[in-house]
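Reader: I would like to learn how the descriptive words used for a structure are justified. Could we go through them one at a time, setting each value against its cut-off?

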Amino acid sequence: MVVNANPIVSVANVTVCEGNAINLTATATGTATLSYAWAEPGTGGTLTITDNVSTIASAVLGDAGIYTVTVSDGNTPSCRATATATVVVNANPTLTSTITNGACPSTLPSVSLDLPAVAGYKYDIVVGATYPLVGMTAIAGGTVPTADPQVVTTFPTAPAVGGTTYTVRLLDVVTGCYVDETFNLNGQPVCTECPVIAALTDPADICQGSPIASLEATGLADMSDVVGAGNGIANVGITFVAFAGASAPADAYTGGTVLGTVPFASLTGTDPTQVATLTNVSNTLAAGTYQVCAILNSTTGFPALCRPQRCQTMVVNALPSITAFSDSPACVGEDITLTSSPSGGSGIYSTFAWTGPSGYTAAIEDPATIALANTAMAGTYNVTVTDSNGCTAAATTAVVVNTPPTITMGSNPTVCASSTTASILYTATTGSPTTYSIDYDDTAEAAGFVDVASTTLLLNPITLAVPANAAAGTYNASITVTNANGCTGRASFSVTITGLPIAAIAGVTSYCGVTASPSALTASGGGTYAWSTGATTAAITPA
């Protein structure tokens with residue numbers, strides 16, 4: 001009797017994802033020709049059997065279970081061996097994709113991924129209708145979701161307005177099973193009406209530093225964010241910008257000096273004839289020619305073609321300058337001359353205007369005269385020049401009017417003939433005189449009196465030189481006093497010279513013999529008398 005050995009058979013366990021093929025391969029050894037018989041679980045699919053290989057092309061969850069293979073050899077009687085394999089079919093994750101196409105006025109394109117859960121999953125989006133063979137794995141690539149649903153707004157390439165096809169794969173990082181879903185997404189369309197700036201009113205030329213009287217953009221249309229009735233993007237106003245030069249800039253949205261802005265809420269009128277106006281606009285522009293442009297106060301969200309601008313030429317005229325002078329200081333009673341020196345600006349000066357204390361005005365360049373000045377006329381004098389462009393400049397000059405000194409003389413002196421000096425007192429002074437001079441009239445000078453040059457006023461009385469041979473008479477003179485400011489005051493006085501008296505005695509001045517008594521003696525020719533006897537009367541009787 002022959003005892004044949006049983007064949008030996010084995011089959012490996014298989015784990016697949018739902019929809020993938022199940023491939024079971026039996027490995028057997030034995031004598032003679034081996035044959036294979038496969039048995040599937042009651043819920044399994046239909047096996048396709050080819051000898052030792054059993055296949056299900058597309059697994060479903062019900063295909064999971066224990067599969068049995070029985071191997072028989074060709075002996076008689078046939079010897080058999082059995083092996084089993086456990087097949088695990090993992091479910092693919094579920095995914096629902098909801099797209100939001102780009103739309104006006106500001107809806108961005110996106111896809112919402114409804115996931116089984118947040119943890120344990122990754123997703124990846126590619127351009128095209130299929131996911132590439134080399135994609136994310138449980139370890140590398142992909143994006144871990146942070147929410148369920150996960151809203152995606154960033155794509156490998158931006159969706160075209162007409163639509164772009166994408167494939168999203170959701171991977172279960174534990175089982176390695178995945179699901180792919182293809183969707184078409186439209187990008188955000190150009191849904192704007194460009195705002196319109198129809199015109200910019202030509203601004204008037206100005207002087208450097210002067211405010212701009214008015215800036216006005218007119219015919220404004222589609223300035224609101226209302227879709228269909230505006231630009232559909234944003235409420236916009238107008239900004240006024242200045243550019244140096246005689247030609248309008250190609251792009252007034254870059255550079256320049258901002259002069260001011262009218263926000264949307266401050267526009268007047270109704271679409272399409274709204275108006276943006278600024279008045280008394282501060283101006284810090286240097287002198288020169290400028291292009292003043294009206295532009296939108298914001299371009300955020302607008303395409304490049306929606307950048308209207310309107311420009312006009314404005315000249316900022318240079319200011320003239322002027323310097324004022326006076327021949328001050330002056331003394332009361334003197335004339336004061338005011339002069340000015342203009343320069344710059346247009347070089348053509350149309351008007352001058354002087355103002356000053358006590359209501360002083362003059363409308364000439366120079367000399368402007370202040371006649372017979374008094375102390376009330378002292379102070380600051382202003383001159384304003386206007387050039388042919390209407391630009392002005394002003395300057396000031398200070399005028400000082402000093403009070404002259406005075407001197408009050410005492411009694412006029414009287415001296416006798418042959419005297420060489422006389423003295424005269426002054427009783428008062430004002431204005432702090434420091435020097436004096438004396439001027440004699442022609443008659444006095446002819447008699448020998450000599451004028452006195454400037455002399456320090458120290459002593460009182462003042463000693464006067466009298467010519468010794470001057471004839472008796474009254475001689476007139478004036479005294480001039482001067483103070484530290486150079487102002488002078490004058491007073492008059494006179495010097496009287498009286499002739500010497502001629503003494504005479506009347507009466508008997510000689511005797512012969514003896515008489516009863518001497519004759520009376522009478523002196524004449526003087527005002528006072530002094531006799532040798534000591535008597536002081538005009539007449540005496542000798543003892």
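Reader: Why is Arg169 called buried in this model?

Author: The model is a predicted one, and in it Arg169 has a relative accessibility of 10%. Buried means under 20% relative accessible area, so Arg169, at 10%, counts as buried.

Reader: What makes Asp180 partly exposed?

Author: Asp180 has a relative accessibility of 34%. The term covers what lies in between buried, under 20%, and exposed, over 50%, and therefore Asp180, at 34%, counts as partly exposed.

Reader: How do you know that the side chains of Arg169 and Asp180 meet in a salt bridge?

Author: Their side chains come to 2.6 Å, taken from N to O. The cut-off for a side-chain nitrogen of Arg and a carboxyl oxygen of Asp is within 4 Å, so the pair at 2.6 Å qualifies as a salt bridge. Arg169 belongs to strand β13 (residues 164-172) and Asp180 to strand β14 (residues 178-185), so the pair ties together parts that are eleven residues apart in sequence. The structure holds one salt bridge.

Reader: Where does Asn283 lie, and why is Asn283 called buried or exposed?

Author: Asn283 is found in the loop between β20 (274-281) and β21 (288-296). Its relative accessibility is 6%, and because buried means under 20%, Asn283 counts as buried.

Reader: What makes the approach of Asn283 to Ser210 and to Leu285 a polar contact in each case?

Author: A polar atom of the side chain of Asn283 lies 3.0 Å from the backbone oxygen of Ser210, and the side chain of Asn283 also reaches the backbone nitrogen of Leu285 at 2.8 Å. A polar contact requires N or O atoms within 3.5 Å, so the values of 3.0 Å and 2.8 Å both satisfy the distance cut-off. Leaving aside neighbours within four places in sequence, Asn283 is in contact with residues including Ile206, Cys207, Gly209, Pro211 and Val316.

Reader: How do you know that the protein is more spread out than a compact globule?

Author: The protein has one helix and 43 strands. Its radius of gyration is 65 Å, well over the 24 Å that the globule rule gives for 543 residues, so the protein is more spread out than a compact globule. Taken along the principal axes, the C-alpha atoms fill a box of roughly 245 × 55 × 30 Å. Of the 543 residues, 36% count as buried.

Reader: Why are β1 and β5 described as edges of their sheet?

Author: They belong to an open sheet of four strands, in the order β1-β3-β6-β5 with antiparallel pairing. Within that order β1 (8-11) and β5 (48-50) each have a single partner strand, so one side of each is left without a neighbour in the sheet. The twist in this sheet averages 15° from one strand to the next.

Reader: What makes β1 and β3 a pair?

Author: β1 and strand β3 (residues 22-29) are joined in the antiparallel sense over four bridges, and because at least two bridges are required for strands to pair, four are enough. One of the positions involved is Ser10, whose bridge partner in β3 is Thr27.

Reader: What makes the pairing of the sheet with the order β2-β8-β7-β4 mixed or uniform?

Author: The pairing in that open sheet of four strands is mixed. The edge strands are β2 (14-17) and β4 (35-39), each of which pairs on one side only, and the twist averages 25° from one strand to the next. As for a parallel part of the sheet, four bridges join β2 to strand β8 (residues 80-90), and these two run parallel; in β8, the bridge partner of Cys17 is Asn90.

Reader: How do you know that β29 and β30 pair, and which residues make up the covered face of β30?

Author: Strand β29 (residues 379-387) and β30 pair in the antiparallel sense over eight bridges, and since the requirement is at least two, the pairing is established. Thr380 stands opposite Ala398 in β30. The covered face of β30 (residues 392-399) is made up of Ala393, Ala395, Thr397 and Val399, whereas Thr392, Ala394, Thr396 and Ala398 form the uncovered one. In regular strands, side chains alternate between the two faces of the sheet. The hairpin of β29 and β30 has four residues between the strands, and there Gly390 takes a positive phi near 85°.

Terms used. Residues numbered from 1 in each chain as written. Predicted model: local features only at pLDDT ≥ 70, side-chain atom pairs only at ≥ 80, totals over all residues. Heavy atoms only, no water. Buried < 20%, exposed > 50% of the residue type's maximum accessible area, 1.4 Å probe, protein only. Polar contact = N/O pair within 3.5 Å; in protein donor to acceptor, adjacent residues only side chain to side chain. Contact = heavy atoms within 4.5 Å. Axes fitted to C-alpha atoms, helices over the stretch in contact; angles between N-to-C directions. Rg over C-alpha atoms; globule rule 2.2 N^0.38 Å.
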